[in-house]
Amino acid sequence: MLRFIAKRFLETIPVLFVIVTLTFFMVRLAPGGPFTTEKSIPPEIQKKLEAYYGLNKPLYHQYLDYIGNLLKGDLGPSFKYATWSVNELIWSAFPVSLELGCYALAIALILGLGAGVIASLRQNSAADHMSMSLAMIGICVPTFVMGPLLILVFGLGLGWVNASGWDSARDRILPALTLGFVYAAYIARLTRGGMLEILNQDFIRTAHAKGAPPIRIIFKHALKGGLLPVVAFLGPAIADIITGSFVVETIFQIPGLGRFFVTAAFNRDYTMVLGTVLFYAVLIIACNLAVDIVQVWLNPKLRFE
Amino acid sequence: MPLLTVNNLRAYFHTRNGVVRAVDDVSFEIEKGDMLGIVGESGSGKSVTCYSLMGLVPQPPGRIESGSAVFDGKTDLLKCSTNDLNQIRGKHMAMVFQDPMTSLNPYMRIEDQLIEPLLIHGVCGRAEAVKRGLHALEEVGVPDAAKRIRSYPHEFSGGMRQRVMIAMALITKPELLIADEPTTAVDVTVQAQILELIKKMQNELGMAVIWVTHDLGVVAGFCRRVLVMYAGRILESAPTEDLFYRTKHPYTRALQRSIPSLQPKGAELYTIAGAPPDLSKRIEGCPFAPRCEFAQERCGQPPIELKTVEPGHATACVRMQSSEISI
Amino acid sequence: MQETFTAQTQNAAPLSEAEAGTSLWRDAWHRLKKNKMAVASAVILAALSLASVLAPWIAPYSYEEQNLALRAVPPQSGHWLGTDALGRDQLTRLLYGGRVSLMVGIVATGVALLIGVTYGATSGFFGGKVDMAMMRIVDIIYALPFTIFVILLMVFFGRDIRLLFVAIGAVEWLTMARIVRGQVQSLKKQEFIEAARALGLRRRRIIFLHMIPNVLGPIIVYATLTVPAVMLLEAFLSFLGLGVQPPMSSWGLMIKDGADRMEECPWLLIAPGVTLAVTLFCLNFLGDGLRDALDVRASKD
């Protein structure tokens, strides 16, 4: 198992390298720069700014500088927020996004797994059709439609929660629900499918023949295999939750990293964009690794490859 | 008193293309310690009969239409609740399935699956169960059992897996073992070993065995009595020796004739012409009549029933019953 | 002995119709027709597509026409879905938005199909080291936050709608490649391919009559499911302001406008939101129906 982790770790380094390089050059080669969108700055001041931020050095020099700083863990200063470094910005915004993401994931798992297992046990019943239809709605109504609709109904209409903001505990509900519901829907469908496939296998018949009660069959025999598609889904899903957070944070005015990222992209804040992309990349790779480890634990056949 | 009495078992499958009468009025008995063989082609209903007894027929689309299967004079397996059924299966009645590759849970260790019947039925605690599991593995001839018990099924060969299945079925020392073609999916060399193994266990435990197979040779070497099934019905029921030397049904005779090794060299292989009937259509009269060389008009008329023509020997052939023909 | 044998074969019962069998496609069509939700979805989709395609002829106004006198009015006669803050008719914008979404759906899926199928088929067919290398690349790309890259792409390299199609398509080809490669790989090993070879069939016949129909199934299913994913991505980008630019309309843009002005003009949000949801709904149901119909093993009876 340890060898597996070490091997995967080594594999990620070239990936990160590719990401850094790609993003760096993409950002630099784009038309316009961080200072061209502002009201026109006198050329001498522009030159000074560029010199300060090292933008007047040849490209490859900037690149090497950046890598050097990176290895020291320094993501550089933000071009837009003059007194802040990228590290500080990320550090202040990420915990918010993390909290949102965790709530969303919790909702997704609890709702999704629950609905999926129940649906698979009562195949073709009313409960099955209902939960799958609900899941379908979750998949087809995008977050940026559901969010405003929820605000409309519960925030403005019924007045149960604030329409936006991240101050009180109640503010967490709608955003987490908006972000989590889609994934609950996918997880429900995947769980149902995975469980159904397992439940039709011969070894479940053997378990029945041994006199195992239904609960035991679900939890001891079926769940491990039935959850495999869900776990496989979770890897890329975590990346999606991150991108989904851009929209949710924008709609609900949440001061999270997603909103910073979108703003930074607009403002051509090079270092901020780069830093955030890198940060996300590391996060996604770490999550994927964790998910893969869980998969190997669940499915012993994978251990011998 | 017989260990298991099956009366008029009917199991039908309600499919898109019609109602498939997989088991159509089957009745038999088995005593304690008896060794019964059920022989038939694919689709004859022998496996579905066993699944019906164990409560493993998927409902829907299957359904037990009628009949009773009284176990140990007390419980009707076909009508009791799932709870009651779970008390019996795995403990007093066990089954070994045809395909060892798919019948074991690939996500669980051998040990956990093997001792599960003991834990489910509260026979003993986990520590004791593990000991018994190890012993059971050794009994069935799995080498290096102590180490291998912690492996996963895909690390075992087919023959080994079948032994594990047998150990798992017998670990609670059931009164009845149902073996559904346990040697069909394994190598020929392993077949003989499995046969010997079950014989040995049967001897030691004194349990009854129902052995389902399409192979007459296996039946000859193991069973005391045989049922011949075709198209969901029993066509003949007799002690083994009588079945082979003094068969009283044309189908059985045709089956015996079809054994390749018994045929004269150089001649064209004997086959029974035609194909088994479509079970989704109602069959009037004897199901074998379309393919039978002795068929006459009245073979197509109901009722066709098993009748005892000699002590212990029953046949469903109306012409044999009235001694019109001899085979 | 031999005479009896021949006589017996002649008397054997002929194969019934149930044993004669049906072809895979006919069976699939039959199953699809029985799936009422899938059929209903297909009908709704056809209607929506038709309306979008005919937009220039049936829309009551032009999509950029502003009627400043009737700004932000709720649904009424003359403007069945109301107008937005600039007085533009919502119904018109909805229809034109449909055209954009439709185009994105088809073109981007086409791009994804083209890249994915070629890549996957090549990789699966050649196998060995070539396959391993190609799949490695897919794995690496799969782990990247591709959507984020698309965002960057759209931000920095312009707002050309054609770039949008290609970028979106480039995100979706990965899974298609994996599916096709898996299919081709398993097909190569299938016993019926070996049987065909053993029967002496020519390779071309094997490929066209046996392999392609089996690969087509999952491709069709997945393509039908890629379209809604693609449309969703376009709407997502437009919502963030990175996709279709005004004065052109897209459902994503309309939803953004609606969300911004939710308190005063809820109708601006509801119409495009519902339309998008219904379209995605139908596409998904159709895709599911196709998948159920074409999967030989998944017979519920």
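Begin by selecting chain A in this predicted model and colouring domain 1 and domain 2 separately, since the centres of these two domains of chain A, taken over C-alpha atoms, are 33 Å apart. To set the colours, use residues 2–71 for domain 1 of chain A and residues 89–298 for domain 2 of chain A, as the domain assignment gives them.

Next, keep chain A in view and add chain B, and look at where the two chains meet. Here 17 residues of chain A are in contact with 22 residues of chain B. On the side of chain A that touches chain B, the elements to select are α8 (202–209) and α9 (214–226) of chain A, which are the ones that give two or more residues to it. Of the elements on this side, α8(A) gives the most, with six residues. If you then colour the side of chain A that touches chain B by residue class, you will find five nonpolar, seven polar and five charged residues.

Now hide chain A and turn to chain B as a whole, in which you can trace twelve helices and twelve strands. Taken along the principal axes, the C-alpha atoms of chain B fill a box of roughly 65 × 50 × 40 Å. How does the radius of gyration of chain B compare with that of a compact globule? A compact globule of 327 residues would have a radius near 20 Å, and chain B, with 21 Å, agrees with this. Colouring chain B by burial would show that buried residues make up 47% of its 327 residues. Among the contacts in chain B with a separation of 6 or more, 63% are accounted for by residues 24 or more positions apart.

For the last stop, stay with chain B and select its two parts in turn, domain 1 at residues 4–230 and domain 2 at residues 250–327. The centres of domain 1 of chain B and domain 2 of chain B, again taken over C-alpha atoms, are separated by 29 Å. Where these domains touch, the contact takes eleven residues from domain 1 of chain B and ten residues from domain 2 of chain B. To see the side that domain 1 of chain B turns to domain 2 of chain B, select β2 (18–30) and β9 (225–230) of chain B, each of which supplies at least two residues of it. The most on this side of domain 1 comes from β2(B), which gives five residues. By class, the side of domain 1 of chain B that touches domain 2 of chain B holds six nonpolar, three polar and two charged residues.

Methods. Residues numbered from 1 in each chain as written. Chains lettered and ligands numbered in written order. Predicted model: local features only at pLDDT ≥ 70, side-chain atom pairs only at ≥ 80, totals over all residues. Domains from an automatic or database assignment. Contact = placed C-beta atoms within 7 Å. Helix = DSSP H or I, 4+ residues; strand = E, 2+ residues; numbered from the N terminus. Nonpolar A, V, L, I, M, F, W, Y, C, P; charged D, E, K, R; others polar. Rg over C-alpha atoms; globule rule 2.2 N^0.38 Å. Buried ≥ 20, exposed ≤ 12 C-beta atoms within 10 Å, placed from the backbone.
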